[in-house]
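This briefing goes through one structure by topic. It covers sheets, cores, aromatic contacts and a few single residues.

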Amino acid sequence: MRIPPEKVDEIYNATDILDVVGSYVSLKRRGQNHWGLSPFTTEKTPSFAVHPGKNIYKCFSTGKGGNAVNFLMEMEGLSYPEALRSLAKRYNIELPEKEESEEDKARRDEQDSLFIVNEFAAKFFETQLHDTDEGKQIGLSYFKERGLLESTLQQFRLGYAPDSWEAFTESALKKQYKSEFLTELGLSGTSEKTGKLYDRFRGRVMFPIRNQMGKVIGFGGRVLTSEKQMAKYINSPESRVYHKSQVLYGLYLAKQQMRNEDLCILTEGYMDTIMLHQNGIKNVVASSGTALTLDQIRLIRRYTKNVLMIYDGDAAGIKAALRGIDLLVQEQMNARVLVLPDGHDPDSFVQEKGSQAFRTYAKDAAQSFLDFKLGILRGQIDPSDPQQQAGLVRDLAATIALVPDMLQRQLFVQDLANKVKLSEELIAAAVGEATQAKQQEAAREVRREQFREARKKEETQAEVKDLRGFDQLDLANQEKELLRLLLNHHDQALSLQALLGEEETAESESVETVDLPTYLQQELTELQFENPHFEQLKNDLFRMWADQQRIDMAHYFSYPDVAITHLVSELLTIKDAPSENWRSKGIHVPPMDEDLAASVQSALLHYQRRKVAKLLDEVYEELKAPEEDKEDELLNMLIYLQGMRSEISKKLGIIVDGG
């Protein structure tokens, strides 16, 4: 259902972008903007700006930008209507709705249907666990033996899939759920022999996987028999609603406590997470059987920068822990590792010794990533072999090189030097080599990406140039500056005398002021912007002003072309603000556009001058080999353009040789 325009306005008016973005990013005020590290990429220097006065954000690292609605769409993977509904719920705004387009409705209904089918499956498995003899005897008894309480079963919505080839599928088809949805979600499979659907989860206890909003997006199923040919766990496949590398099991129940304790405890398995949660340790999630990914780390970073990793002590667990450490350090997280006593995992430890003993042990025994990695690597080498010893130091130096904070990095250098009995200079040199190697690899990757992009552009013969690439061309900065002024000051009336000077104003009519859009539209008539996105936005702004005598910024944050949305948010965000320290030193830095008329006239004249210069180049080129009977026309055009250039240059105070 489409949200009425008046309700969209109400949502926009009620939304505080600092409140919304602040739930994900730590922001500090600097000048007009609030700044923080980009939630979309890895960076050491804040390039993510929020302008509360205009209710917009801009990420200068990735080019993304917009308002709170766009931000939620980017962060949570929501559609535009879903983001609006989320904000409406946040600010207690009721939403009477109207019919939406058939295309939008079909797309939304299809995704909603996938969630509905998953919800049906979760309830089916819960019912099988609690209300059938098979479920009680096999599934429920298993969970009870593992020590789970009834309240825990309900909180995590645990269930049981009956040992049948068609029990779930028949039930779903009777409810008229589409077979293609059942197979996409991996709840049913298709027999190669008969072409019929069958239950993919059979004779397994079921762990619903929910996203951070609580919706069921997939399942993990554990078999209870010891048959070797059967996988112990099977999980839902990737679908339109489930991407395992972007999901943390238990996050929906853990996120608030992660914020409260400023710590995320990261385990490997479903039962580890469930048992810790049952024992009052609620800031715990699992990586759902996958190696820790960047997307999962960035998900954690929305709630805390501190991670305590608990991995099994087997070879696979150690390998996963070592890889996870480097990723966490790279993402500027504070990573510590807890090695439990032999024979224990979090589940068994907390059952045997209790939650307080676990907390105490975690506090006392947790190791820094450096100590953990050093202990593991030392156990894998011959201490009498200098080559292996050097390899160990280089491996650890490579991890230290990932630490973004210079002071912390130096402390880790000192710590490692003491532990391996080498000088700090040698360790620092190894860290420097690792840093250089990382930078070289990053540069190579940039070149490879540039090559791939160039090949891609050649192959597709793209007509629209990338906005960033176009920034480097002659006219782009002038075009962008004019759009910036138009967007930020469209409601301003300017003095004609300030714009044109006393001589030209004296010859004009009695009108003393002119609104900025009207003035720019008059001055830019027949001057087409070269960047297609810039030209599209310019014409759209002029049309909106002509029709409504106002420019509605919200229009561009639900614009069908996302490049326009990002462009508008960039132009509305002032990237660089003067340092507050300047004022304390008695240095006055005038605010941007303090003299708006001067800013407008300067931008316009510079643009016109560059445009004329380009036209002159084109005429010069044609005069090298003019078409028959066209030489006189070209010479007249040359004289006219030279005169224009001279006139514009005079206004700008620029001396041009040869007129």
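Two strands count as paired here if DSSP finds at least two bridges between them. With that in mind, an open sheet of 5 strands has the order β13-β12-β14-β15-β16, and its pairing is mixed. The model is predicted. Another open sheet of 5 strands follows the order β1-β2-β3-β4-β5, with antiparallel pairing.

**Sheet β13-β12-β14-β15-β16**

- The edges are taken by β13 (284-286) and β16 (367-368); each has a single partner strand, so one side of each is left without a neighbour in the sheet.
- Strand β12 (residues 264-267) pairs with β13 in the parallel sense, over 3 bridges.
- Within this pairing, I265 stands opposite V284 of β13.
- Helix α15 (residues 355-365) lies across β12, β14 (306-310), β15 (334-338) and β16. The direction of α15 is at about 115° to β15.

**Sheet β1-β2-β3-β4-β5**

- In this sheet β1 (28-30) and β5 stand at the edges; each has a single partner strand, so one side of each lacks a neighbour in the sheet.
- Helix α3 (residues 68-76) packs on the sheet and touches β3 (48-51), β4 and β5. The direction of α3 makes about 45° with that of β4.
- Helix α26 (residues 562-572) also lies across β3, β4 and β5, running at about 100° to β4.
- β1 and β2 run antiparallel and are joined by 3 bridges.
- K28 stands opposite W35, a residue of β2.

**Nonpolar cores**

- The largest nonpolar core has 64 residues. Those with the most contacts inside it are F48, F71, L520, L537 and V600.
- A second core, separate from that one, has 55 residues, including F115, L148, F219 and F358.

**Aromatic pairs**

- The structure holds 28 aromatic pairs.
- One of them is W35 with F60, a stacked pair with 6.1 Å centre to centre and 20° between the planes.
- W35 lies in strand β2 (residues 33-36) and F60 in the loop between β4 (56-59) and β5 (65-66), so the pair ties together parts that are 25 residues apart in sequence.
- W35 has 7% relative accessibility and counts as buried, because the cut-off for that class is under 20%.
- F143 and F207 form an edge-to-face pair, with 6.0 Å centre to centre and 90° between the planes.
- This pair links distant parts of the chain: F143 is in helix α6 (residues 133-145) and F207 in strand β9 (residues 204-210), 64 residues apart.
- F143 and F207 are both buried.
- Ring pairs also link F120, F124, F125, F168, Y177, F201 and F219 into a cluster. F219 is also among the residues of the second core.

**Charges over rings**

- The charged end of R202 sits over the ring of W165, at 3.8 Å from the ring centre.
- For K215, the charged end sits over the ring of F115, at 4.6 Å from the ring centre. F115 is also among the residues of the second core.

**Positive phi outside glycine**

- R157 is not a glycine, yet has a positive phi of about 55°. R157 is placed in the loop between α7 (150-155) and β6 (159-161).
- With 14% relative accessibility, R157 counts as buried.
- Q332, also not a glycine, has a positive phi of about 65°. The place of Q332 is the loop between α13 (315-330) and β15, a strand of the sheet with mixed pairing.
- The relative accessible area of Q332 is 11%, so Q332 is buried.

**A buried loop residue, T15**

- T15 is found in the loop between α1 (5-14) and α2 (17-21).
- The relative accessibility of T15 is 7%, so T15 counts as buried.
- Leaving aside residues up to four places away in sequence, T15 touches V20, N55, A68, L87 and Y91. One of these, A68, falls within helix α3 (residues 68-76), which packs on the antiparallel sheet.

Key. Residues numbered from 1 in each chain as written. Predicted model: local features only at pLDDT ≥ 70, side-chain atom pairs only at ≥ 80, totals over all residues. Heavy atoms only, no water. Core = buried A, V, L, I, M, F, W, Y, C linked by side-chain atoms within 4.5 Å. Buried < 20%, exposed > 50% of the residue type's maximum accessible area, 1.4 Å probe, protein only. Phe/Tyr/Trp six-rings, centres within 6.5 Å; stacked < 30°, edge-to-face > 60°. Helix = DSSP H or I, 4+ residues; strand = E, 2+ residues; numbered from the N terminus. Lys NZ or Arg CZ within 6 Å of the ring centre and 35° of its normal. Contact = heavy atoms within 4.5 Å. Axes fitted to C-alpha atoms, helices over the stretch in contact; angles between N-to-C directions.
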